[in-house]
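This report describes selected residues and helix contacts of a single protein chain. The sequence and the structure are shown first.

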Amino acid sequence: MPFPLGGNQMSWTTNLWILPVSLLVAAVAALIAALVPYVWASRRPKSFPPGPKPLPIIGNLNLIPPSKAFTLFHEWTKQYGPIIGLKFGPANVVVLNHWKDVQELLEKRGHIYSSRPANYIANELICKNETHILFAPYGDGWKVLRRAAQGLFTPASLASVLPIQEAEATQTLYDILREPARYYEHIQRYTTAVILASVFGQRGEDFNSPNVQALYDVQNRFTALLEPGAAPPVDGITFLQHIPESLAPWKRRAKEIRRDQRALYFRLLNGTKERMQRGVRTGCFMEKLLDDQAKNGLDEEHTTYLGGILMEAGSDTTSSTLLSFLLALLQNPLALRRAQEDVDRVCGVERSPTMNDLDDLPYIEACMHEILRWRPVAAGGIPHMLTQTDTYKGYIFPAGTIFFANTWAIHHDEDEYDEPAAFNPDRWLGGNKFGTKENISTVLPNEGKQQQQLLQQRKTSYGWGAGRRICSGQKMAEASLKINIAKMVWAFDFAIEGADADARGGRRPDVSVETGYQGGFLVCPKKFPVRIRPRSDKHAAVVRREWEGLRGFYESLAA
């Protein structure tokens, strides 16, 4: 028969339970206290644009896919209209799916729509001290970087880069002629080589060159980590930033990216410095930046990152667009034949196109505009942040609201474009500046003054961004796109792998942006099967001859 517990023993046993229960209650209370502000903040503001109903704390984050959310936003326009209001946790987000709203807000009111939202991973873990011009907030620091970057894009600077662009495009033809199966790498090498030469005065003669490999490796990891869904929503739910690195694999990935990114950028800059110390100059951008360092207000870290980021921006975007162009030719073989007729009319078979020919090649120009429309690289847009409360069309946008210009939706609007899912350069011919349906492509006399001004200010492509954050390198990138498109269609026939002489059958590539493309916030085609052959033995001989003629040019660059 058990003996009853004494009073002291019962008290001691009770205390054993009180302590853990008290700690649990305290922890739950602390968690609730921490979450209550997020529950309130995740509610939709008054007079906010329509959108799906948010959940407490997370808002609409449960609906956002881990990649290519721009296609979902485009689909939502059927339900909510062109201006969609969302909640990313406590953050207010607006997606603009029509060019007119982008023009009115990001362009006309750019002085309050040009900042960037907080980006803990980009700005605090990887590119510290506002070194990355793309993610830096709008202010004095960003303006200093912008002014310095503009030095590469003056008319004189752009003219000095044209020979490099043409030479590297010539090598790309030769590389594809020798190894057509490596077309993907050859095109990626081209874009990196142009930036390496023009910014750092260094060569990237092969895709397996250490600097080319290092750039694509670190850039792919960087953009993948910044894709929504790749890491917890640390900018909206800020206490997640304090998770220990041991429990946060995304923090470890960010730390590794920063290490490799800085190593690459400083290695490139030091290579330029060492050459300058030997008295060897190529006229590259970093030489000018270093010469003017006392005047431009940039310290060593910002100088290094500016050069690296210019290379980063120019490499991924242009190569992705050129690869999309090859993919598009497989969807529309007629466009290839028409492009070949365009270059043959000007160049014949005796030489490939040069920069001097581009103004006489309207179909090549149309191909460039159409590929930028059909597959924009930054399809979802880069976020802008509103710095003060604003009103528009009856909506109220609180200060701090994040805006996305959904380039995908803008350029796949069925009200604007005939068969927007099809690659069709012909839509840009006949004076159609925007490639749109005829009734909205020109300013009509009976249009109101405001509408006329809006149409006159419309951009052919919103893939370059909008407002004060628009891409400075647009002209340089367009020149690269046109010279490569012209040279590739002049030299080669592109067909579906395994197709017969009439282009029937074969392994049809996946052109869907959902399944045939990879990427973080920048998208790029996955490698696809394509048969590439020279158009004739004479075309192949010209490619070899023109490449041989560049030996002196390459030697002077590598000096």
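**Arg351 and its surroundings**

Setting aside neighbours within four places in sequence, Arg351 is in contact (heavy atoms within 4.5 Å) with Val346, Asp357, Trp490, Val542 and Glu546. Of these partners, Val542 stands 191 residues away along the chain, yet the C-alpha atoms of Arg351 and Val542 are separated by 6.2 Å. Arg351 belongs to the loop between α13 (333-347) and α14. With a relative accessible area of 30%, Arg351 is partly exposed; buried means under 20% relative accessible area, exposed over 50%, and partly exposed in between, for a 1.4 Å probe and protein chains only.

**Basis of the model**

The model is predicted: local features need pLDDT of at least 70 and side-chain atom pairs count only at pLDDT 80 or more, whereas totals for chains, interfaces and linings use all residues. Residues are numbered from 1 along each chain as its sequence is written, and side-chain values use heavy atoms, with hydrogens and water left out.

**The chain as a whole**

The protein chain contains 19 helices and 10 strands; these are DSSP runs numbered from the N terminus, helices being H or I of at least four residues and strands E of at least two. Of the 559 residues, 52% are buried. Among contacts between residues at least 6 apart in sequence, 72% join residues at least 24 apart.

**Helix α17 and its partners**

Helix α6 (residues 155-178) packs with helix α17 (residues 474-491) at an angle of about 30°, the axes being 9 Å apart. Axes are lines fitted to C-alpha atoms, for helices over the stretch in contact, and angles run from 0 to 180 degrees between N-to-C directions. The angle makes α6 roughly parallel to α17, a label for angles under 35 degrees (over 145 is roughly antiparallel, 65 to 115 roughly perpendicular and the rest oblique). The residues of this contact divide into 11 nonpolar, 5 polar and 3 charged. Here Ala, Val, Leu, Ile, Met, Phe, Trp, Tyr, Cys and Pro count as nonpolar, Asp, Glu, Lys and Arg as charged, and the others, Gly among them, as polar.

Helix α14 (residues 362-374) also packs with α17, at an angle of about 120° and with axes 9 Å apart. On the α14 side the contact is made by Ile364, Glu365, Cys367, Met368 and Leu372, and on the α17 side by Glu478, Leu481, Lys482, Ile485, Ala486 and Val489. These residues comprise 8 nonpolar, no polar and 3 charged.

**Val212 in helix α8**

Val212 lies in helix α8 (residues 210-226) and is buried, with a relative accessible area of 0%. Not counting residues up to four places away in sequence, Val212 touches Thr192, Leu196, Gly204, Asp206 and Phe207. The C-alpha atom of Val212 is separated by 7.7 Å from that of Ala193, 19 residues away along the chain.

**Positive phi angles**

Ile57 is not a glycine, but has a positive phi of about 75°. Ile57 is placed in the loop between α1 (7-41) and α2 (69-80) and counts as partly exposed at 21% relative accessibility. Lys68, likewise in the loop between α1 and α2, has a positive phi of about 60° although it is not a glycine. Lys68 is buried, with a relative accessible area of 7%.

A glycine with positive phi is Gly279, at about 85°, just after α9.
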